[in-house]
Amino acid sequence: MKAPIRVAVTGAAGQIGYSLLFPIAAGEVFGPEQPVILQLLELPFAIEALKGVEMELRDCAYPLLQDVICTSDVEVGFKDANVAMLVGSKPRGPGMERADLIRENGVIFVGQGKALDAVADPNCKVVVVGNPCNTNSLIARAQFKRLNPANMTAMTRLDQNRALAQIAQKANVPVSAIKRLAVWGNHSPTMYPDFTNATINGEPLEVVINDDAWLNGAFMKTVQQRGAAIINARGKSSAASAAWAAIDHVRDWFRPTPEGEWLSMVITSDGSYGVPEGLMFSFPVTVDANGDYHIVQGIELSAAAKARIMNSAEELLAEREMVKEML
Ligand code: NAD
Ligand code: LMR
């Protein structure tokens with residue numbers, strides 16, 4: 001029997017938590033041979049609800065689930081964590097932008113970044129889901145002294161999945177036919193879903209779809225505004241799709257990326273493509289056999305694409321300025 005992977009999840013009694021924990025325990029993330037221990041964090045007022053989630057997790061009798069720890073103490077929840085999924089934070093409501101949450105949610109990531117740095121496994125891999133996720137991850141990363149800052153990431157995989165779904169419907173192909181469709185920038189309306197380098201069944205996407213007005217118009221807007229559309233329709237922000245994207249993000253960080261595929265991950269910019277160094281920015285990446293990601297190099301970007309990427313970077317610089325005392 002392999003040693004268990006310890007997975008810390010914050011906000012575990014929330015909407016996303018309820019869709020996220022069960023697939024992790026069932027082996028969807030780390031595979032059918034890998035035991036897991038779930039270390040679940042909640043605010044004190046939600047611990048009772050979290051106990052109910054724990055009961056349900058145990059009642060599933062998952063063979064891979066070795067233990068469930070429920071706590072509101074970050075130093076207990078993050079102790080020796082190999083993976084930390086930082087979901088806990090307030091979601092936006094109708095009429096708000098994600099950046100409106102920046103001051104209220106940002107402060108959570110100061111304490112959590114410090115606690116991770118104090119007690120997590122030295123190689124702990126972190127994904128921030130709570131919004132505004134790029135800047136929250138910047139705040140958490142700033143607290144790292146012992147942990148590897150390269151192991152701090154945030155989630156734009158939901159945006160990539162949304163883009164894939166739109167293209168698949170338009171071209172009437174399965175999503176698996178589409179490759180190299182990546183999302184750049186901030187998880188906000190300035191994100192850039194780059195279809196210009198994507199392929200469908202090996203053909204350039206723009207040749208197969210051949211509808212510039214749709215690609216640059218309805219497609220782009222739908223992906224950029226999908227979070228708000230879901231809030232308007234459900235009265236609550238996306239949950240099951242967000243949980244599934246978080247599962248995709250972590251699973252694909254633990255295995256080599258198949259040849260010819262790209263993943264969208266918010267990672268620390270190394271200055272590639274002119275994105276200011278140090279920003280937490282979504283790039284197309286691939287993961288190697290050691291579980292290290294690399295920004296895809298040599299991508300051709302049009303002047304319009306470069307302008308969109310820089311626009312998103314400017315927005316992130318402005319967000320960084322708003323939280324500078326937390327960095
Ligand atoms: P929710 O309100 O249903 O659940 C959030 C949970 O977090 C609550 O149970 C709350 O008690 C808990 N929490 C708050 N502060 C905490 C803290 N300091 N420590 C531990 N737990 C804490 O919200 P949700 O729908 O699950 O969404 C959670 C976050 O994820 C929101 O910020 C939302 O905007 C974001 N989100 C991001 C994406 C993305 O693509 N990056 C997608 C969907 C949602
Ligand atoms: C999403 O994209 O669905 C989430 O970030 C929630 C939101 O506020 O849009």
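**Notebook: two ligands in a predicted model**

I started with ligand 2 and His187: an oxygen atom of ligand 2 is 2.6 Å from an N or O atom in the His187 side chain. Worth noting up front that this is a predicted model. Next I checked how much of ligand 2 is covered: on its own it has 260 Å² of accessible area, and the protein covers 93% of that.

Then I looked for other side-chain partners of ligand 2. Asn131 has a side-chain N or O atom 2.7 Å from an oxygen atom of ligand 2. For Arg98, the distance from a side-chain N or O atom to an oxygen atom of ligand 2 is 2.8 Å.

**The shell around ligand 2**

Which residues surround ligand 2? I wrote down Arg92, Arg98, Asn131, Leu158, Arg162, His187, Gly227, Ile231, Ser237 and Ser238. Sorted by class, I get two nonpolar, five polar and three charged residues in this shell. I also checked the domains: domain 1 (5–154) and domain 2 (157–326) each give at least three residues to the shell around ligand 2.

On to the pockets. Ligand 2 takes up space that is the largest pocket. The elements giving two or more residues to its shell are α6 (157–171) and α9 (226–234).

**Ligand 1**

I moved to ligand 1 and found that it sits in the largest pocket too. How many residues surround ligand 1? I have 26 in my notes, and the closest are Gln15, Glu42, Lys90, Val129 and Asn131. Asn131 is therefore a name I have down for ligand 1 and for ligand 2. By class, the ligand 1 shell divides into 13 nonpolar, eleven polar and two charged residues.

For polar contacts of ligand 1, I looked at the backbone and at side chains. A polar backbone atom of Lys90 is 2.9 Å from an oxygen atom of ligand 1. At Ile16, a polar backbone atom is 3.0 Å from an oxygen atom of this ligand. His187 turned up again: a side-chain N or O atom of His187 is 3.2 Å from an oxygen atom of ligand 1. As for cover, ligand 1 has 860 Å² of accessible area on its own, and the protein covers 88% of it.

I then asked which helices supply the shell around ligand 1. α1 (15–26) and α4 (102–119) each supply at least two of its residues.

Why does ligand 1 lie between the domains? Domain 1 (5–154) and domain 2 (157–326) both give residues to its shell, so ligand 1 lies between them.

**Backbone oddities**

Last, I went through the backbone. Most residues other than glycine have a negative phi, and most peptide bonds are trans. Asn131, which I had already listed around ligand 2, is joined to Pro132 by a cis peptide bond, with omega about -5°. I located Pro132 in the loop between β5 (125–128) and α5 (133–142).

Arg180 also went in the book: this residue is not a glycine, yet its phi is positive, about 60°. I found Arg180 in the loop between β7 (178–179) and β8 (182–184).

How values were computed: Residues are numbered from 1 along each chain as its sequence is written. Chains are lettered from A and ligands numbered from 1 in the order in which they are written. This is a predicted model: local features need pLDDT of at least 70, side-chain atom pairs count only at pLDDT 80 or more; totals for chains, interfaces and linings use all residues. Side-chain values use heavy atoms; hydrogens and water are left out. A residue is near a molecule or strand if one of its heavy atoms lies within 4 Å of it. A polar contact is a pair of N or O atoms within 3.5 Å; within protein, one must be able to donate a hydrogen and the other to accept it, and residues adjacent in sequence count only if both atoms are side-chain atoms. Accessible areas come from the Shrake-Rupley method with a 1.4 Å probe; for residues, only the protein chains shown count as cover. On a 1 Å grid over the protein atoms alone, a cavity is a set of points where a 1.4 Å probe fits but cannot get out, and a pocket is an open set with protein on both sides within 12 Å along at least five of seven lines; lining residues have an atom within 4 Å of a point. A molecule sits in a cavity or pocket if more than half of its atoms lie within 2 Å of its grid points. Helices (H or I, at least four residues) and strands (E, at least two) are DSSP runs, numbered from the N terminus. Ala, Val, Leu, Ile, Met, Phe, Trp, Tyr, Cys and Pro count as nonpolar, Asp, Glu, Lys and Arg as charged, and the others, Gly among them, as polar. Domain bounds come from an automatic or database domain assignment.
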